[in-house]
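Work through the exercises below with the structure open. Try each task before you read its solution.

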Amino acid sequence: MDRDGGDEAYREEVTPTSFEQGKVERTIVHILRRALADSPVPASSHRLPFQDYVDETPTDGRSLEDEDDPSDDFEDYNEDGVGLCRLQHASYAGRGLRGLPGGYSSLDASRPWLCYWILNALDLLNALPAPSTLSTTSKPPTKRAASSSSTLASMTSRVVDFLKRCQAPTGGFGGGPGQLPHMAPTYAAVNALVIIGTEEAYSAIDRPGLHAFLLARKRPDGSFTMHEDGEVDIRGTYCGLAAAALANVLTDELVAGTPEYLASCQTYEGGMGGEPGNEAHGGYAYCGVSALAILGELRRLDLPALLKWTCERQMRFEGGFQGRTNKLVDSCYSYWQSAIFPQIQPLLHLHHHQEEAIEEVKRVEEEVEEVEEKDEMEEVEEIPRPGRECEGDLMFDQLAVQAYILACCQDIDGGLRDKPPKYRDYYHTCYALAGLAVTQHNIDPATMPPTCLHGRTATDLLKRIDPSHGISVEKVQRARRYFQALPAVNK
Ligand SMILES: [Zn+2]
């Protein structure tokens, strides 16, 4: 093809992928510009990396300035700038718990997933009543709690009943009542029950059955099948281990050979594939990293190579993450990719980071003392303290991911989307919020306070999330206390 034949000829040469990439970049850059301009806080107070790139020419070679704003085609982007539509998301999630539109019928074999996605969104938003007010087997809720949260309380009790009906008599959960038990809905059902966090929810899990189901999925090479006679991939292994860890049925027999299998899924790129030899992929990399973290075996991976691959999945224009090399940005990877960092970073630079932080604290304390001695207290405010202009201690651009989620992925009527101009859905609502939670909370909260775009910690901060389980730290710790007090499960 003749490269000198003008713009048209050049465009004919671009691949469908690069054409789509250019379209997405232009839409997102326009939205980000508008959102930041509308923001009550000047963008300059937190200069975002993509602001250095917005005047460059996107991937497909077409100028940003010589065309209509493609984001005009849809109006439900966040016109308030970059604030979290907290109440709207909670309302959207709460409605989903009561009933779903007909379009979700295609997810009939994923109903425990819908329970998990919706409950997790509510929990991260801090919109779920506390387990003590939900419990139906202990004291009834107080009058005040009952009046403020009775609808959600009765809904979560119904979710527990429903998930019990998804549990197979032989252990493990199916995608719906009477369906074949399967690793994926088993993970989702256990997570959902742990999020509800009541005695009723915890005791719904048949622990000996769960252990037997998982053991029956185990293969000699350390991997797991998804279901009886099902396919093998790293997803099944993660789902099984995560559920077993939460329910305290993670026996030596269950995990023998599994770290070796998981490590064999790391690819030449540094990420992890679904099976040994497959392409590196954010979802599978998350599964592999989290499974190895649960087993305390992350050092089996080439961590610098994994770090490099994961860093390179953050998109320079969009700010969010892509799932694989040369793919489009997608908000769910804000979780799958970003949750890798807090799991591997402590192993990569813990020593260096701690020393650096301690030095910085010492330096600031000395400076404050000096100023106090000189009785120049007004200048104390000007001293940069660790975390004051904090952009976080995770090794990617946390604020750029937040800008992508908040400006481009929120439906102002509640719910979050993959990317503009797609529609909201419960899967992306869960994982975009989970990604937002990861990017807000730093590894070491003692030296690094939360990192929120434009400093909106008071309004936008979500609960801290456990990056190995995709559930709030609070609910994981509560479940651990409960299940670790129960007797061990053996074959
Ligand atoms: Zn997605």
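**Exercise 1.** Determine which handedness the crossing of α17 and α18 has, and how the two helices run relative to each other.

*Solution.* This is a predicted model. Start with the axes. Those of α17 (residues 398-409) and α18 come within 9 Å and cross at roughly 150°. Angles over 145 degrees count as roughly antiparallel. Therefore α17 and α18 are roughly antiparallel to each other. Their crossing is left-handed.

**Exercise 2.** List the residues through which α17 meets α18, then sort them by character.

*Solution.* Take α17 to begin with: it contributes Gln398, Val401, Gln402, Ile405 and Cys409. Across from them, α18 supplies Ala432, Gly435, Leu436 and Thr439. Now sort the residues of this contact: five are nonpolar, four are polar and none is charged.

**Exercise 3.** Place methionine 448 in the chain and decide whether methionine 448 is buried, partly exposed or exposed.

*Solution.* Locate the residue. Methionine 448 sits in the loop between α18 (426-440) and α19 (457-460). Next, count neighbours: methionine 448 has 19 C-beta neighbours inside 10 Å. Buried requires 20 or more, and exposed requires 12 or fewer. Methionine 448 therefore counts as partly exposed. Finally, look along the chain. Glycine 392 is 56 residues away from methionine 448, yet their C-alpha atoms are separated by 6.7 Å.

**Exercise 4.** Compare the span of α10 with the expected value, then describe its cover and what follows α10.

*Solution.* Helix α10 (residues 234-246) has 13 residues. From first C-alpha to last it reaches 18 Å, close to the 18 Å expected at 1.5 Å a residue. For cover, 13 of the 13 residues of α10 are buried. After α10 comes asparagine 248, with a positive phi near 60°.

Definitions and conventions: Residues numbered from 1 in each chain as written. Predicted model: local features only at pLDDT ≥ 70, side-chain atom pairs only at ≥ 80, totals over all residues. Helix = DSSP H or I, 4+ residues; strand = E, 2+ residues; numbered from the N terminus. Expected span 1.5 Å × (residues − 1). Axes fitted to C-alpha atoms, helices over the stretch in contact; angles between N-to-C directions. Parallel < 35°, antiparallel > 145°, perpendicular 65-115°, else oblique. Left-handed = near helix turned anticlockwise from the far one by under 90°. Contact = placed C-beta atoms within 7 Å. Nonpolar A, V, L, I, M, F, W, Y, C, P; charged D, E, K, R; others polar.
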